[in-house]
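Hi everyone, thanks for coming. I'd like to walk you through a structure today, so have a look at it while I talk.

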Amino acid sequence: MENKNKESKIRQLTDKQKTELAELEATLIGLIDCVQTISVSKEKEKVLSNIAKTQKKIKHIKLGGILSKETKRNLVAYSFIAPNFIGFMVFTLGPIMFAFLLSFMKWDGNNAMDFVGINNFLRLTDDVRFKAAFVNTVVYSLATVPLTLLFALGLAIILNQKVKFRNVFRTASFFPYVASLVAVAAVWNMLFSPANGPVNMLLANLGVAVKNLPKWAADKHFAMLTVILFSVWKSMGYYMVIYLAGLQGISAEMYEAASLDGANSWQKFKSITWPMLQPTTFFVVVILTINCFKVYDQIYMITQGGPGTSTLVLVYHIYDTAFKSWDLGYASAISVVLFLLVLIVTLVQFKGEKKYANS
Amino acid sequence: MKTSKIKLSRILLYAVLIFITLLMLIPFVWMLSASLKLDKDVFTFPIQWIPENPRWQNYKNIWTKIPLAKFILNTTKLTLIVTTLQILTSSFAAYAFAKLQFKNRNLLFLAYVATIAVPWQVYMVPQFMMMRSFGLNDTHLAIIFLQTFSAFGVFMMRQFYQGIPDELCEAARIDGMSEYKIYKRIMLPLSKPALSTLVIFTFVGTWNDFLGPMIYLKTESKKTLQIGLRMFISQYSSEYGLIMAASVISLIPVLIIFIALQKYFVEGIASTGIKG
């Protein structure tokens, strides 16, 4: 039984390996014959070591044959994955798990960690800044998601038609997305400067009284609006490209058939474009919402969370708590809340998508 | 009657298009214009789009006002290393996930997918503490590790490779090609659109990254362009011309990469399924 098993394993060898194996076995027999006739111990030792080497080679080829199918295939695949996966495990997966662990600890980064259970999470309920950050993040997302979606879809529909200089228009509307945030936020701050910025100058020229001119980032009622306008302007080009890709998946015949039936543009949009784009819209909403929850850079560049706490968002609060107060466990607890927020939104949207697909 | 109606809707279409394009581009034109002005002329109204005496001096002065060359050098180095590593390692891994059968394949891939939705900000604190314990804070290596191993790259490349027929690989295998050769000779040349898309995202992401370098890089000579620019803006907040000149300079490499690769871009997004 065992022998048969071995036989079948050996059969998986290639022809080349088989000849090599036969040759080695012949050599081995020759060597063993030889060793019996030699009496000089030095020579004998040499031949014995040769025997051992040959036996090792035979074993290696046989085992190599066994490895070749299953294990070898796995090893090749792992060699493809390893360069990325090891880095991914150490620098992403590890820290993610560490983050959850840390949310139950009290730690200043230097002294030993203290296990505090759910204390960090209980602290959140009394934290005024956390509450403001939470509400602001939600408000920011609720405004930014639909606005960006609307503009991105509108622009994509226009740019999906045969218009002249289509590529120039596409590139132009995508450019804010790839442009450095620090640079464009600097322009934005100047354009919306309350005292002499071109936007307020324009408003004044249009007849808005000087005392009614908004102070934009400096006014707690307008600061969030300034950030939202900036975000929509900066990122709509990206979502437009995603919508363009979605639109290209709708066949032209559907529109032709609708035209023959005398449908107007709005009817075509309502009964073809919008329903056909449902998967794309779903994807855009999920990605957009997650990105809104992560907002930080533009807040830092335009309002620094102020005035007061009017534009303080979760990530800003995490940053301050971690790298200014060095309250690392508590910062991780806020991170966990951020994570749960993302998780809930994603799950709700997936559920909604399923319901839509079934109905 | 009908043709005039079509003509009118065409005109309206172009009007909307030009209006939106202007909205997208005006800030950049204003930036360029302001970068050639004296500080006192930046806010004149009505806006003087083309300055009478363009002040090219701003583009000269900015190099001496801050170590701009050093910042650019640092950012270029980081961006090139990260983009190359990211492209290589993620397309390599993606090939295995898309075209090879192996033990625990789905489990390992699930690990990638599950982390895509976890915002980096959730684990930036423990990640920082870990890097610090490796002695990597205030080093460029930290930024490289931070940016290179993204789950997004692997996910995107895998989606693309799945669209390539398996028969192609099978045929090559029967011809006795090793998996490494199949990857190099067949998959890589076919994946130009996806690679271009990933190059744009990685290049732009690393070049423009702000929070990462801000947390890790403390020594001035190691800082990147974005933090340098930010530093300059807060220190010399009324040197408008210089701020705008530096901003224009910071946009040039991204503009070049984007224009060079953009013809593959929509194709890449369409075929990799990041459209959902």
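How many residues of chain A are in contact with chain B? Keep in mind that this is a predicted model. In it, 88 residues of chain A touch 87 residues of chain B. Three residues of chain A stand out here: Phe80(A), Phe91(A) and Met190(A) supply 11% of the area that chain A buries against chain B, more than any other three residues.

If you are new to this, the size of an interface is often given as the accessible area lost when the parts come together. For chain A and chain B, that comes to about 8,100 Å², and 79% of it lies on carbon and sulfur atoms.

Now let's turn to chain A by itself. What secondary structure does chain A have? There are 16 helices and two strands.

Next, its overall dimensions. The radius of gyration of chain A is 34 Å, whereas a compact globule of 359 residues would be near 21 Å. Along the principal axes, the C-alpha trace of chain A spans about 115 × 70 × 40 Å.

What about the inside and the outside? Of the 359 residues in chain A, 47% are buried. Chain A has an accessible surface of about 19,000 Å², with 63% of that belonging to carbon and sulfur atoms.

Let's look at contacts within the chain too. Taking contacts in chain A with a separation of 6 or more, 66% come from residues 24 or more positions apart.

Last topic: charge. Chain A carries 36 positive and 22 negative charges, and the mean positions of these two groups are 5 Å apart.

That's my tour, and I'm happy to take questions!

Definitions and conventions. Residues are numbered from 1 along each chain as its sequence is written. Chains are lettered from A and ligands numbered from 1 in the order in which they are written. This is a predicted model: local features need pLDDT of at least 70, side-chain atom pairs count only at pLDDT 80 or more; totals for chains, interfaces and linings use all residues. Side-chain values use heavy atoms; hydrogens and water are left out. Helices (H or I, at least four residues) and strands (E, at least two) are DSSP runs, numbered from the N terminus. The radius of gyration is taken over C-alpha atoms; the globule rule is 2.2 Å times the number of residues to the power 0.38. Buried means under 20% relative accessible area, exposed over 50%, partly exposed in between (1.4 Å probe, protein chains only). Contact means heavy atoms within 4.5 Å. Accessible areas come from the Shrake-Rupley method with a 1.4 Å probe; for residues, only the protein chains shown count as cover. Lys and Arg count as positive and Asp and Glu as negative; His and the chain ends are not counted. The place of a charge is taken as NZ of Lys, CZ of Arg, CG of Asp or CD of Glu. Buried area is the accessible area (1.4 Å probe) that two parts lose on being put together, summed over both.
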